[in-house]
Amino acid sequence: MTAFLSRPPRPALMGVVNVTPDSFFDGGRYFDPARAIAHGAALAEAGADIVDIGGESTRPGAAPVAAAEELRRVLPVVEGLAARVKAPLSIDTSKPEVMAAAVAAGAAMINDVRALRAPGALAAAARCGVPVVLMHMQGEPATMQHAPRYGDVVAEVTAFLKARRHAAVTAGVDPGNIYVDPGFGFGKTPAHNLALLANLKTIAAVAPVVAGLSNKSIIRHILGAVDVAALTAASAQLAAAAANGAAIIRVHDVTATRRALAVQRAIAGVHTIAA
Ligand code: HH2
């Protein structure tokens, strides 16, 4: 893990702030900059090690957002949070101009669901000189859930991430600054998601792993229709499962996830069972 994170005795928690009208879980709730800043500050207060700010929804079916609009959404929030919280900020974007402007405004990490495949993104990330998350996605958000197909999902996602890591290093990104993410729910069926979750350690051989499972459809597939409280509890449990292989866990509810991780750590700390 790079020096920009003081390493906690557990996977680092990345709290999510979606400055969008249409995100699948919290769409519209933090579209107003003041509310987004207050939410990011609350996540940091609750123990988020990183606060991830995004201005374009990537939920299945989401429409693309123009760079000018994305900048208008995220820059005031990056500036406001940089002045207010100590936790490093990450910018969730695929656009080189948003990466550059957000880092200039105080973001300390780039989180790209397209793994720097947009024209100019590799060079922009290299110039920014901050840690980068490279995520796997099959297809594009508008259509990615129509018919995801893989021969061997774990092998194919791992090979993609290895290739994108190589491309990033070739473009000048510091190898120690690279994280990879299998992209749960991004062009994957529930079976694909579970196979990736069960094999996170294979992916961790490429680079430290970021895992985002919070409130994704995998949970509804396992549990059926559930209310928000059950969704939050299940999200925290899935995040704790991902902790077995992930360096960073991306979550909407930092407090619930910290509790689930504390239970997991307590269990892991018991080495012998009294007869
Ligand atoms: N998932 C989402 C967005 N960004 N970044 C990484 N590295 N990993 C993820 O799994 C990931 C991500 C989608 O979730 P959310 O931000 O809640 O929704 P939306 O894209 O609709 O804003």
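How far apart are the mean positions of the positive and negative charges of the protein chain? They are 4 Å apart, taken over 25 positive and 20 negative charges. Here Lys and Arg count as positive and Asp and Glu as negative, with His and the chain ends not counted; each charge is placed at NZ of Lys, CZ of Arg, CG of Asp or CD of Glu.

A few notes before the views. This is a predicted model, in which local features need pLDDT of at least 70 and side-chain atom pairs count only at pLDDT 80 or more, while totals for chains, interfaces and linings use all residues. Residues are numbered from 1 along each chain as its sequence is written, and side-chain values use heavy atoms, leaving out hydrogens and water.

**Figure 1. The whole chain: ten helices and eight strands.**
Helices (H or I, at least four residues) and strands (E, at least two) are DSSP runs, numbered from the N terminus. The C-alpha trace spans about 60 × 40 × 40 Å along its principal axes. A compact globule of 275 residues would have a radius of gyration near 19 Å, and the 18 Å of this chain agrees with that; the radius is taken over C-alpha atoms, and the globule rule is 2.2 Å times the number of residues to the power 0.38. Of the 275 residues, 54% count as buried, where buried means under 20% relative accessible area, exposed over 50%, and partly exposed in between (1.4 Å probe, protein chains only). About 11,600 Å² is exposed, with carbon and sulfur atoms supplying 58% of it; these areas come from the Shrake-Rupley method with a 1.4 Å probe, and for residues only the protein chains shown count as cover. Among contacts (heavy atoms within 4.5 Å) between residues at least 6 apart in sequence, 69% join residues at least 24 apart.

**Figure 2. A salt bridge between two loops, R59 with D22.**
Side chains of opposite charge can pair when their charged atoms come close. A salt bridge is a side-chain nitrogen of Lys or Arg within 4 Å of a carboxyl oxygen of Asp or Glu, and a search of the whole structure finds eight. In this one, the closest N and O atoms of R59 and D22 are 3.3 Å apart. R59 sits in the loop between β2 (50-54) and α2 (67-84) and D22 in the loop between β1 (12-18) and α1 (33-45), so the pair ties together parts that are 37 residues apart in sequence. R59 is partly exposed, with 25% relative accessibility, and D22 is partly exposed too, at 26%.

**Figure 3. Buried charge pairs: D52 with R250, and K95 with E56.**
The N to O distance between D52 and R250 is 3.0 Å. D52 belongs to strand β2 and R250 to strand β8 (residues 248-251), so this salt bridge links parts that are 198 residues apart in sequence. For K95 and E56, the N to O distance is 3.4 Å. K95 is in the loop between β3 (89-92) and α3 (96-104) and E56 in the loop between β2 and α2, so these parts, 39 residues apart in sequence, are tied together. Look for D92 as well: salt bridges that share partners join D52, D92 and R250 into one network.

**Figure 4. R164, a buried arginine with no salt bridge.**
What is the nearest side chain of opposite charge to R164? It is D112, 7.2 Å away. R164 lies in helix α5 (residues 153-171). Not counting residues up to four places away in sequence, R164 touches A115, L116, R117, L122 and L134.

**Figure 5. C128 and its neighbours in helix α4 and beyond.**
C128 belongs to helix α4 (residues 121-128) and is buried, with a relative accessible area of 19%. Leaving aside residues up to four places away in sequence, C128 touches M99, A100, V103 and I110. The C-alpha atoms of C128 and L161, which are 33 residues apart along the chain, are separated by 21 Å.

**Figure 6. Positive phi at L116 and at N215.**
Most residues other than glycine have a negative phi. L116, not a glycine, has a positive phi of about 60°. This residue lies in the loop between β4 (109-112) and α4 and is buried, with a relative accessible area of 1%. N215, again not a glycine, also has a positive phi of about 60°. Its place is the loop between β7 (210-212) and α8 (217-223), and at 3% relative accessibility N215 counts as buried.
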